[in-house]
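Student: Could we take a close look at one part of this protein? I'd like to go slowly and see what is there.

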Amino acid sequence: MLRSPVPDAKPRVLNNYLTTEEDRASMLAGMKIALEIAEQAPLKAVERAPYLVPESGSDEDIMAFVQVACQSVYHPTSTCAMGAVVDSDLRVMGVDGLRVVDASVMPKITRGNTNAPTIMIAEKAADLIRSASPAAAAAGVA
């Protein structure tokens, strides 16, 4: 949501991480696997000292650690997915004059870096916007 009517104000983003029991259980299971991997002999052989670990292996300590230390690393995608929030021309359904032109329109997360697909989305959006503008129509641009 917007913080203020000032155009360059940073938006307030609430990702809702760990708000469902499924999210918490998934993160807890993943952290337990990571901690188990860290205890294996090949890693222990090169470990100098524990780095950023929970106070203990209890579920409570692991969740307390997750809430403080974990964050999203990659660019969020698929929050305004095509077909669910925007149409195939990237127009927000039910809102006149608004398009979404970024990785959030991806219906599924790509397996690789999102940079090239996002550039492709922006190029396609530029073509769509250009062809929809009255100036383009008057100039005979399709």
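Student: How much space lies in the largest pocket?

Tutor: Keep in mind that this is a predicted model. The largest pocket holds about 390 Å³ of space. How do we find a spot like that? Rolling a probe the size of a water molecule over the atoms shows where empty space is left. Now for the walls: the lining is made by Met1, Pro11, Arg12, Val13, Asn15, Pro76, Thr79, Cys80, Val100, Asp102 and Ser104. Sort those residues by character and you get six nonpolar, three polar and two charged.

Pick out Asp102 from that lining, and you can follow it to a residue in one of the helices. Asp102 is among the contacts of Ile121, along with Leu90, Val101, Val105 and Met106, once the neighbours within four places in sequence are left aside. Ile121 itself sits in helix H4, residues 115-132. Its relative accessibility is 6%, so Ile121 counts as buried, the cut-off being under 20%. Look at Val101 too: 20 residues separate it from Ile121 in sequence, yet their C-alpha atoms are 6.6 Å apart in space.

While you have helices on screen, try another pair. Helix H1 (residues 21-38) packs with helix H3 (residues 59-69) at an angle of about 100 degrees, and their axes are 10 Å apart. Because of that angle, H1 is roughly perpendicular to H3. On the H1 side, the contact uses Arg24, Met27, Leu28, Met31, Lys32 and Leu35, while H3 brings Asp59, Ile62, Met63, Phe65 and Val66. Sorted like the pocket lining, this contact has eight nonpolar residues, no polar ones and three charged.

Terms used: Residues are numbered from 1 along each chain as its sequence is written. This is a predicted model: local features need pLDDT of at least 70, side-chain atom pairs count only at pLDDT 80 or more; totals for chains, interfaces and linings use all residues. Side-chain values use heavy atoms; hydrogens and water are left out. On a 1 Å grid over the protein atoms alone, a cavity is a set of points where a 1.4 Å probe fits but cannot get out, and a pocket is an open set with protein on both sides within 12 Å along at least five of seven lines; lining residues have an atom within 4 Å of a point. Grid points are joined across faces, edges and corners, and a volume is the space filled by probe spheres set on the points. Ala, Val, Leu, Ile, Met, Phe, Trp, Tyr, Cys and Pro count as nonpolar, Asp, Glu, Lys and Arg as charged, and the others, Gly among them, as polar. Axes are lines fitted to C-alpha atoms, for helices over the stretch in contact, and angles run from 0 to 180 degrees between N-to-C directions. Helices (H or I, at least four residues) and strands (E, at least two) are DSSP runs, numbered from the N terminus. Angles under 35 degrees count as roughly parallel, over 145 as roughly antiparallel, 65 to 115 as roughly perpendicular and the rest as oblique. Contact means heavy atoms within 4.5 Å. Buried means under 20% relative accessible area, exposed over 50%, partly exposed in between (1.4 Å probe, protein chains only).
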